[in-house]
Amino acid sequence: MTAKLELRGVSKWFETRSGDVVEALRGVTFDVHAGEFVSVVGASGCGKTTLLRLVDGLLAPSRGEVLLDGRPIAGPGLDRALVFQLDALFPWRTVLDNVLFGLEVQGRLGEEARRAAGELLRFVGLGGFERAYPHELSGGMRQRTNLARALAVDPEVLLMDEPFASLDAQTREIMQAELLRIWNARRKTVLFITHQIDEAIYLSDRVVVLTRRPGQVGDVLAVDLPRPRRLDVKRTPAFGALVDRVWKRIETEVRESVGVPA
Amino acid sequence: MTVRSVEVELGVGAALPRARRRGFFERHQSRIRALGSIVVVFALWELIGRFVITNRLFFVPLSSVFASAGDLWARGELQLHVRTSFLEFALGFGAAALAGIALGAAMAVRRALRDYLDPWVAFLYATPTVALAPLFILWFKLGIESKVAVILLVSIFPILLNTLTGIEGTDRHLIEAARSFGARPMQIFAKVMLPSALPVIVTGLRLGLARGLVGVVVAELFGAKAGLGYLILYSAQTFDMAALFAGVLILALAGVVSSEALKALERRLAPWRFVEVER
């Protein structure tokens with residue numbers, strides 16, 4: 001397997017208005033193979049979102065490099081698409097027009113693209129909702145739209161920033177299974193950010209554990225649960241053992257951050 | 001067995017009570033009340049004018065106002081006044097809308113321009129600009145230019161400021177999403193910032209419109225040969241209360257109609273802002 005995406009000693013620091021320097025990431029190194037599903041978990045404030053923005057090219061690393069197919073990333077590109085949290089749909093656009101946004105700004109809009117987008121919407125379970133506006137949709141449906149918008153530009157790498165964080169627990173479970181179905185059919189390389197350990201393990205081939213600020217790679221574990229995975233795999237002992245391992249790695253930091261020592 | 005089947009039947013057969021269809025009066029309650037209120041006040045106006053304040057130098061019944069308007073219309077004067085004021089307003093407010101939106105947008109995306117213009121916008125917005133009307137009459141003479149200038153000056157600021165805050169208030173997640181898809185700065189402006197700000201801009205237009213109507217009257221008070229403001233001034237000087245009220249009523253009607261039209265436009269442009277609350 002070849003590395004599709006490589007992070008080599010990536011550090012990122014920000015200068016605040018008052019002149020202080022905040023270090024978000026320090027020397028992060030890991031790679032993602034082509035077609036692989038990798039999740040990054042960590043306590044809040046560990047720089048997970050910064051990491052994803054570096055890979056998307058919205059931010060540039062302060063030190064180190066992010067490589068895609070061996071070439072450094074210079075900015076947002078057609079080969080990657082970012083799936084945002086709930087509020088990133090354009091409220092004045094219909095579901096279909098939201099999905100077509102990426103193709104539109106890239107000048108790839110045509111009859112063929114519209115037809116493909118319609119097909120994509122049916123594929124993610126939004127057939128018949130093309131003309132609906134985001135405010136008319138449920139949280140789960142909005143997130144499907146969000147996913148379809150990213151898939152519409154047919155990226156090689158899908159970057160997902162806690163896409164299910166604001167959904168209720170049951171909807172989240174269904175969406176996780178849906179995501180695996182879609183990933184299985186399209187075989188994209190996925191880098192998935194979450195603070196939910198069970199979500200990371202259920203979805204991923206490998207899980208990268210990030211320690212708290214400055215974020216550093218604390219652990220990388222391979223999830224050897226067989227695929228396709230049904231939702232009830234979450235209640236098996238093997239799954240529980242993996243959750244335990246990740247939890248132990250970040251427990252102290254989570255406790256520190258909320259002020260409840262062990 | 002029989003008992004169980006009865007239970008099942010009840011369970012299935014007990015349909016939800018059908019929602020009662022609300023009657024015509026219930027559905028249009030607010031409108032009917034508003035209409036009723038107008039009718040009552042107009043009736044009071046008529047009665048007071050006829051029986052309470054009978055001195056025609058102070059007050060006239062509504063019927064006299066309508067009669068006076070019909071009279072002015074028959075002589076072709078009313079059309080002239082309405083046409084004159086409408087033209088002044090259309091030019092002044094149109095220019096204010098174009099310039100206000102353009103300047104506000106430019107200030108929102110160009111930091112330096114904003115820094116240079118900020119003090120002047122604050123200064124002129126705080127000044128009661130109608131006070132400058134006599135000056136404009138001096139500069140631009142009695143023609144249409146002076147009125148257009150007054151209307152432009154009084155109505156531009158709410159439009160400019162709303163455009164500025166509307167564009168600045170664009171959700172940065174939406175901008176980032178657009179950037180992520182490779183949108184260029186001009187595309188981000190046209191496809192994200194502008195549509196996001198549009199409802200706020202329309203609100204600015206509505207505020208500017210109200211001020212602009214005041215501007216029409218004030219500008220014409222300081223020297224004009226025609227127009228609704230002129231009609232009001234001239235009628236007051238000749239103690240023609242009926243014609244005075246006719247001018248006022250027409251201006252009020254124009255204000256209500258155009259303001260409602262812009263409200264409807266707001267609803268059309270931003271349906272997501274008017275989501276009905278679930279009951």
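**Note on the predicted two-chain model**

1. Start with a loop in chain A. Arg187(A) sits in the loop between helix H6 (169-186) and S8 of chain A. The model is predicted, and the backbone here deserves a look. Phi of Arg187(A) is near 50°, a positive value although the residue is not glycine. Arg187(A) has 11 C-beta neighbours inside 10 Å, so it counts as exposed; the cut-off for that class is 12 or fewer.

2. Another loop in chain A shows a positive phi as well. Asp154(A) lies in the loop between helix H5 (139-152) and strand S7 (157-161) of chain A. Its phi is near 50°, positive in a residue other than glycine. Is Asp154(A) buried or exposed? Neither label fits: Asp154(A) has 16 C-beta neighbours inside 10 Å and therefore counts as partly exposed.

3. There is also a cis peptide bond to check. The bond from Arg227(A) to Pro228(A) is cis, and omega is near -5°. Pro228(A) belongs to the loop between S10 and helix H8 (237-258) of chain A.

4. Next, the sheet of chain A. Six strands make up an open sheet with mixed pairing. The order across the sheet is S6-S7-S8-S3-S9-S10. Why do S6 and S10 each have one side without a neighbour in the sheet? Strand S6 (80-83) and strand S10 (217-222) are at the edges, each with a single partner strand, so one side of each stays unpaired in the sheet. On average, neighbouring strands are turned by 15° against each other, direction ignored.

5. One strand pair can be followed in detail. Strand S3 (residues 37-42) and strand S8 (residues 189-194) of chain A run parallel and are joined by five bridges. Ser39(A) has Phe192(A) as its bridge partner in S8(A). S8 also closes the loop that holds Arg187(A).

6. Chain B has another make-up. Its secondary structure comes to 12 helices and zero strands. From the N terminus on, each element listed is α.

7. The overall dimensions of chain B depart from the globule rule. Its radius of gyration is 27 Å, while a compact globule of 279 residues would have one near 19 Å. The C-alpha trace spans about 95 × 65 × 30 Å along its principal axes. Of the 279 residues, 35% are buried. Take the contacts in chain B with a separation of 6 or more: 73% of them involve residues 24 or more positions apart.

8. One helix pair in chain B is worth viewing. The axes of helix H5 (residues 77-109) and helix H11 (residues 228-237) of chain B come within 7 Å. They cross at roughly 130°, which makes H5(B) oblique to H11(B). Which residues meet in this contact? From H5(B) they are His81(B), Val82(B) and Ser85(B). From H11(B) they are Leu228(B), Gly229(B), Tyr230(B) and Leu231(B). By class, the contact has four nonpolar, three polar and no charged residues.

9. Last, the contact between the chains. Chain A supplies 19 residues and chain B supplies 18 residues. Which element of chain A gives the most to the side that touches chain B? Helix H3 (residues 101-105) of chain A does, with three residues. The side of chain A that touches chain B has 13 nonpolar, four polar and two charged residues.

Terms used: Residues numbered from 1 in each chain as written. Chains lettered and ligands numbered in written order. Predicted model: local features only at pLDDT ≥ 70, side-chain atom pairs only at ≥ 80, totals over all residues. Pairing = 2+ DSSP bridges. Helix = DSSP H or I, 4+ residues; strand = E, 2+ residues; numbered from the N terminus. Axes fitted to C-alpha atoms, helices over the stretch in contact; angles between N-to-C directions. Parallel < 35°, antiparallel > 145°, perpendicular 65-115°, else oblique. Contact = placed C-beta atoms within 7 Å. Nonpolar A, V, L, I, M, F, W, Y, C, P; charged D, E, K, R; others polar. Rg over C-alpha atoms; globule rule 2.2 N^0.38 Å. Buried ≥ 20, exposed ≤ 12 C-beta atoms within 10 Å, placed from the backbone.
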